Amino acid sequence: MKAFRVVGHYPASKKKQDFTIDVVASDEEDARHRLYSHIGSRHRVQRRHITIESIENIDPSISSSANVIHAFRDTIDSSPSTSTSDSEE
């Protein structure tokens, strides 16, 4: 699985609503499907009304999205490592 950043917009009343969403998917087509599913279920927008401007593969460590952090929590080291020594001072 990879992390993707999807940028686009959809109509919300008389204006357009811009979005940038990070998703975890196997490829760009899967990322597109997951985005349509997410926005459609949350905002009741049909797929044909969602305009995707770009889909790019990103490094999971730069994302602040909870689903990306959860999916890559074993590979992302967010806390600085501290070494402990057995010697007494």
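**A guided tour, beginning at the hairpin**

Begin by selecting S13: in the hairpin of strand 1 and strand 2, which has two residues between the strands, S13 takes a positive phi near 55°. The model on display is a predicted one.

Next, select residues 2-12 and residues 15-25, which are strand 1 and strand 2. These strands run antiparallel and are joined by 11 bridges. Within this pairing, highlight P11, which stands opposite K16 in strand 2.

Keep strand 1 in view and add residues 51-58, which form strand 3. Strand 1 and strand 3 pair in the antiparallel sense, over seven bridges. For a point of reference on this side, select H9 and T51: H9 stands opposite T51 of strand 3.

Now move to the loop between helix 1 (28-43) and strand 3, and select R47 there. Is R47 buried, partly exposed or exposed? R47 counts as partly exposed because its relative accessibility is 41%, which lies between the limits of 20% and 50%. Show its surroundings next: leaving aside residues up to four places away in sequence, R47 touches H33, Y36 and S37. Then add Y10, which is 37 residues apart from R47 along the chain; the C-alpha atoms of the two are separated by 9.3 Å.

Finally, display the whole chain. Two helices and three strands are present, and their pattern along the sequence is β-β-α-β-α. The chain has 89 residues, of which 30% count as buried. Among contacts between residues at least 6 apart in sequence, 53% join residues at least 24 apart. With the surface switched on, the accessible area comes to about 6,700 Å², and 44% of this belongs to carbon and sulfur atoms.

Conventions. Residues are numbered from 1 along each chain as its sequence is written. This is a predicted model: local features need pLDDT of at least 70, side-chain atom pairs count only at pLDDT 80 or more; totals for chains, interfaces and linings use all residues. Side-chain values use heavy atoms; hydrogens and water are left out. Two strands pair if DSSP finds at least two bridges between them. Helices (H or I, at least four residues) and strands (E, at least two) are DSSP runs, numbered from the N terminus. Buried means under 20% relative accessible area, exposed over 50%, partly exposed in between (1.4 Å probe, protein chains only). Contact means heavy atoms within 4.5 Å. Accessible areas come from the Shrake-Rupley method with a 1.4 Å probe; for residues, only the protein chains shown count as cover.
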